[in-house]
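Welcome, and thanks for opening your viewer. Let's take a short walk, one selection at a time.

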Amino acid sequence: MKEVTLKFFSTDEKLPEESGYYATVVKGCEELGGLYILHYSTRHKKFNTYDHQEKPVYAINNIIYWADVNNINNIIKGEE
């Protein structure tokens, strides 16, 4: 078994500094499990979007918490 600790930040406090994938908690979806891995775009400052998109048409705006998982494979392998 491998245990990984994720540090969640409130989207009211700060947003990610880099584009990439993040574990997110979506307000209103907590009863469905609530944890989703979504891409964040620094260009659009939105989740479920990518920097190369002209418009963030599929953005999810009700993210309440996020945690960085961009290096999760390295963490699981014990490289960090």
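**A stroll around one strand**

Start by selecting Tyr 40 and Phe 47: Phe 47, in strand E4, is the bridge partner of Tyr 40. Keep in mind as you look around that this is a predicted model.

Now widen your selection to residues 46–47, which make up strand E4. Strand E4 runs antiparallel to E3, and two bridges join them. E3 and E4 form a hairpin, with four residues between them. Click on Lys 45 in the turn: Lys 45 has a positive phi of about 55°.

Next, select residues 20–26 to see strand E2. How many bridges join E2 to E3? There are six, and these two strands also run antiparallel. To see one pairing, pick Thr 24, whose bridge partner in E3 is Tyr 36.

Stay in strand E3 and select His 39. Is His 39 buried or exposed? His 39 counts as buried because its relative accessible area is 10%, and the cut-off for buried is under 20%. Show the side chain of His 39 and follow it to the backbone oxygen of Thr 49, 2.8 Å away. Beyond its neighbours within four places in sequence, His 39 is in contact with several residues, including Ser 19, Gly 20, Tyr 21 and Lys 46.

For the last stop, go to Leu 35 in strand E3, which spans residues 35–41. Add Phe 8 and Tyr 65 to your selection: together with Leu 35, they make a nonpolar surface patch of about 290 Å².

Notes:
Residues numbered from 1 in each chain as written. Predicted model: local features only at pLDDT ≥ 70, side-chain atom pairs only at ≥ 80, totals over all residues. Heavy atoms only, no water. Patch = residues over 30% accessible without salt bridge, like charges linked within 9 Å, V, L, I, M, F, W, Y side chains within 5 Å. Areas by Shrake-Rupley, 256 points an atom, 1.4 Å probe, with all protein chains shown as cover. Salt bridge = Lys/Arg side-chain N within 4 Å of Asp/Glu carboxyl O. Buried < 20%, exposed > 50% of the residue type's maximum accessible area, 1.4 Å probe, protein only. Polar contact = N/O pair within 3.5 Å; in protein donor to acceptor, adjacent residues only side chain to side chain. Contact = heavy atoms within 4.5 Å. Pairing = 2+ DSSP bridges.
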